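Me: I would like to go through this structure slowly and ask how each label is earned. Please set the values against the rules as we go.

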Amino acid sequence: MVKQERARRTYEVILDAAAREFVSLGYARTTLGGVIAHTQLSKGALYGHFSSKEDLARTLVRHGATVWGAVLADIESARLAPLSALRVLTVSLAGRLWADVRVRAAFRLAAELPGEALDGGPLLTEVWDFLVDSTRRAQATGEIRTPCSPESVAQLLLSLVVGVQHLPVPQRDAPVKDRIEELWIIIAAALRSPGPAPAPVCDA
């Protein structure tokens, strides 16, 4: 039992160190030597759990996919209207990225590596498809009235989710949920607006 607990702690330490390296340096510049340097463990300890950098990346992306699946399940079980689903997704996922370095690493890796290289599946593609589909449904129900493409709304919301981790240090004191909810007041007002009236056409 003690040996199993020690092995579990070692596994967690390695995975967190790898996540920080991937977030900071990206996949190409991350090395196993760099990961080991942040763990105070031996190379043998790392290889006892992970066979390669690719193995570490796949494990982190699978973690991100699991978190995404949990967020999606919560939204679907709540049977939310499309616009509310977009808000809950944005707030929930941004909060997970903020709190969990492994999720941040998963999203960066998913953006850098092709889906076929990752066992966790096309993480960003699934998030993107949900955003686009929910936007289309919100437009169909009249919740979104502004004349914009679903892809434009998806791009805005995905940028909000991923970008929250790059807030300046003085802005990080407020809970990320409160900050995203406040931004959603602005976003919702813009999406509900029918947009500017067309310019009058003058006869020559």
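Reply: Let us start with a rule: a residue is called buried when its relative accessible area is under 20%, exposed when it is over 50%, and partly exposed in between, with a 1.4 Å probe and protein chains only. What we look at is a predicted model, in which local features need pLDDT of at least 70 and side-chain atom pairs count only at pLDDT 80 or more, while totals for chains, interfaces and linings use all residues. Residues are numbered from 1 along each chain as its sequence is written, and side-chain values use heavy atoms, with hydrogens and water left out.

Me: Why is Arg104 said to have no salt bridge?

Reply: A salt bridge needs a side-chain nitrogen of Lys or Arg within 4 Å of a carboxyl oxygen of Asp or Glu. For Arg104, which is buried, the nearest side chain of opposite charge is Asp100, and it is 6.7 Å away, so no salt bridge is counted. Opposite charge here follows a simple convention, in which Lys and Arg count as positive, Asp and Glu as negative, and His and the chain ends are not counted.

Me: What lies around Arg104?

Reply: Leaving aside residues up to four places away in sequence, Arg104 touches Val23, Leu97, Trp98, Ala99 and Gln165, where contact means heavy atoms within 4.5 Å. A polar atom of the Arg104 side chain lies 2.9 Å from the backbone oxygen of Trp98.

Me: What makes Arg8 and Glu5 a salt bridge?

Reply: The closest N and O atoms of Arg8 and Glu5 are 2.7 Å apart, and this value meets the rule given above, so the pair is called a salt bridge. The two residues are three apart in helix H1 (residues 2–29), and therefore about one helical turn separates them; a helix here is a DSSP run of H or I with at least four residues, numbered from the N terminus.

Me: How do you know that Arg8 is partly exposed?

Reply: The relative accessibility of Arg8 is 43%, which falls between the two limits, so Arg8 counts as partly exposed. Glu5, at 32%, is partly exposed as well.

Me: Which salt bridge joins Arg108 to a partner in helix H6?

Reply: The side chains of Arg108 and Glu112 meet in a salt bridge at 2.6 Å, N to O, and these residues are four apart in helix H6, about one helical turn. Elsewhere, salt bridges that share partners join Glu5, Arg8 and Arg9 into one network.

Key
Polar contact = N/O pair within 3.5 Å; in protein donor to acceptor, adjacent residues only side chain to side chain.
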